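Here are some short exercises to work through with the model open beside you. Try each task before reading its solution.

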Amino acid sequence: MGSVKDFLGLSPEESAYIEIKLSLARELRKVRLAKGMSQAALASKMGSSQSRVAKIEGADPQVSLDLIVRSLLATGKRPREIARALAK
């Protein structure tokens with residue numbers, strides 16, 4: 001048995017990109033829950049839909065990194081805090 005990276009034939013860059021998206025998606029869910037926000041409340045703040053927030057938090061392949069970052073900013077996270085979440 002190899003790693004998922006090996007199984008899917010991902011380059012180191014592709015693997016790192018996926019890890020970044022997963023890390024930020026987990027951070028979004030953590031922050032949203034810590035603030036007591038529902039997915040619908042965050043969606044309203046972003047001008048989006050609850051189903052879109054669910055896809056963002058699930059790191060859906062169709063969700064852009066830009067949208068994940070904008071969602072984090074909508075929770076009140078500052079760029080420096082987002083960078084710290086990436087460094088974890």
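A residue counts as buried when its relative accessible area is under 20%, as exposed when that area is over 50%, and as partly exposed in between. With that cut-off, the buried residues of helix H2 are Ser 15, Lys 21, Ser 23, Leu 24, Ala 25, Glu 27, Leu 28, Val 31 and Arg 32. Please keep in mind that this is a predicted model.

**Exercise 1. The overall layout**

Describe the secondary structure of the protein and the box that its C-alpha atoms fill.

Solution. Begin with the elements: there are six helices and zero strands. Reading along the sequence gives the pattern α-α-α-α-α-α. Next, take the extent along the principal axes, where the C-alpha atoms fill a box of roughly 40 × 25 × 20 Å. Then turn to burial: 31% of the 88 residues count as buried. Finally, look at the contacts with a separation of 6 or more; 57% of them are between residues 24 or more positions apart.

**Exercise 2. Following helix H2**

Compare the reach of helix H2 with the expected span, then find what follows the helix.

Solution. Step one is to count: H2 covers residues 12-34, which is 23 residues. Step two is the span, where the expected value is 1.5 Å times one less than the number of residues. For H2 the expected value is 33 Å, and the model reaches 33 Å from the first C-alpha to the last, close to expectation. Step three goes past the end of the helix, to Gly 36, which has a positive phi near 70 degrees.

Now pick out one buried position, Ser 23, which lies in H2. Its relative accessible area is 15%, so Ser 23 is buried. Leaving aside residues up to four places away in sequence, Ser 23 touches Ala 85 and Leu 86.

**Exercise 3. How H3 and H5 cross**

Work out how the axes of H3 and H5 are arranged and which residues meet.

Solution. Two packed helices are described by the angle between their axes and the distance between the axes. Here the axes of H3 (residues 39-46) and H5 come within 10 Å and cross at roughly 100 degrees. Angles of 65 to 115 degrees count as roughly perpendicular, and H3 and H5 are therefore roughly perpendicular to each other. As for the residues, Leu 42, Lys 45 and Met 46 in H3 meet Leu 67, Ser 71 and Ala 74 in H5. By type, the residues of this contact divide into four nonpolar, one polar and one charged.

**Exercise 4. Salt bridges**

Which residues pair with Glu 27, Arg 32 and Arg 70, and where do the partners lie?

Solution. Side chains of opposite charge can pair when their charged atoms come close. The structure holds five salt bridges, and three of the pairs are taken in turn here.

- Glu 27 pairs with Lys 30, with the closest N and O atoms 3.4 Å apart. Both lie in helix H2, three residues apart, about one turn of the helix. Glu 27 is buried at 8% relative accessible area, whereas Lys 30 is partly exposed at 46%.
- Arg 32 pairs with Glu 57, with the closest N and O atoms 2.5 Å apart. Arg 32 is in H2 and Glu 57 in H4 (residues 50-57), so this pair ties together parts that are 25 residues apart in sequence. Both residues are buried.
- Arg 70 pairs with Asp 66 at 3.1 Å, N to O. Both lie in helix H5, four residues apart, about one turn of the helix. Arg 70 is partly exposed at 47%, and Asp 66 is partly exposed at 49%.

One last step concerns shared partners: salt bridges join Glu 27, Lys 30 and Lys 77 into one network.

**Exercise 5. Two loop residues**

Find where Thr 75 and Ala 59 sit, and decide whether each is buried or exposed.

Solution. Start with Thr 75, found in the loop between helix H5 (65-74) and helix H6 (79-87). With a relative accessible area of 3%, Thr 75 is buried. Apart from residues up to four places away in sequence, Thr 75 touches Leu 28, Val 31, Lys 35 and Leu 42.

Ala 59 is in the loop between H4 and H5. Ala 59 is buried too, with a relative accessible area of 15%. Check the backbone as well: Ala 59 has a positive phi of about 55 degrees although it is not a glycine.

Notes. Residues are numbered from 1 along each chain as its sequence is written. This is a predicted model: local features need pLDDT of at least 70, side-chain atom pairs count only at pLDDT 80 or more; totals for chains, interfaces and linings use all residues. Side-chain values use heavy atoms; hydrogens and water are left out. Buried means under 20% relative accessible area, exposed over 50%, partly exposed in between (1.4 Å probe, protein chains only). Contact means heavy atoms within 4.5 Å. Axes are lines fitted to C-alpha atoms, for helices over the stretch in contact, and angles run from 0 to 180 degrees between N-to-C directions. Angles under 35 degrees count as roughly parallel, over 145 as roughly antiparallel, 65 to 115 as roughly perpendicular and the rest as oblique. Ala, Val, Leu, Ile, Met, Phe, Trp, Tyr, Cys and Pro count as nonpolar, Asp, Glu, Lys and Arg as charged, and the others, Gly among them, as polar. A salt bridge is a side-chain nitrogen of Lys or Arg within 4 Å of a carboxyl oxygen of Asp or Glu.
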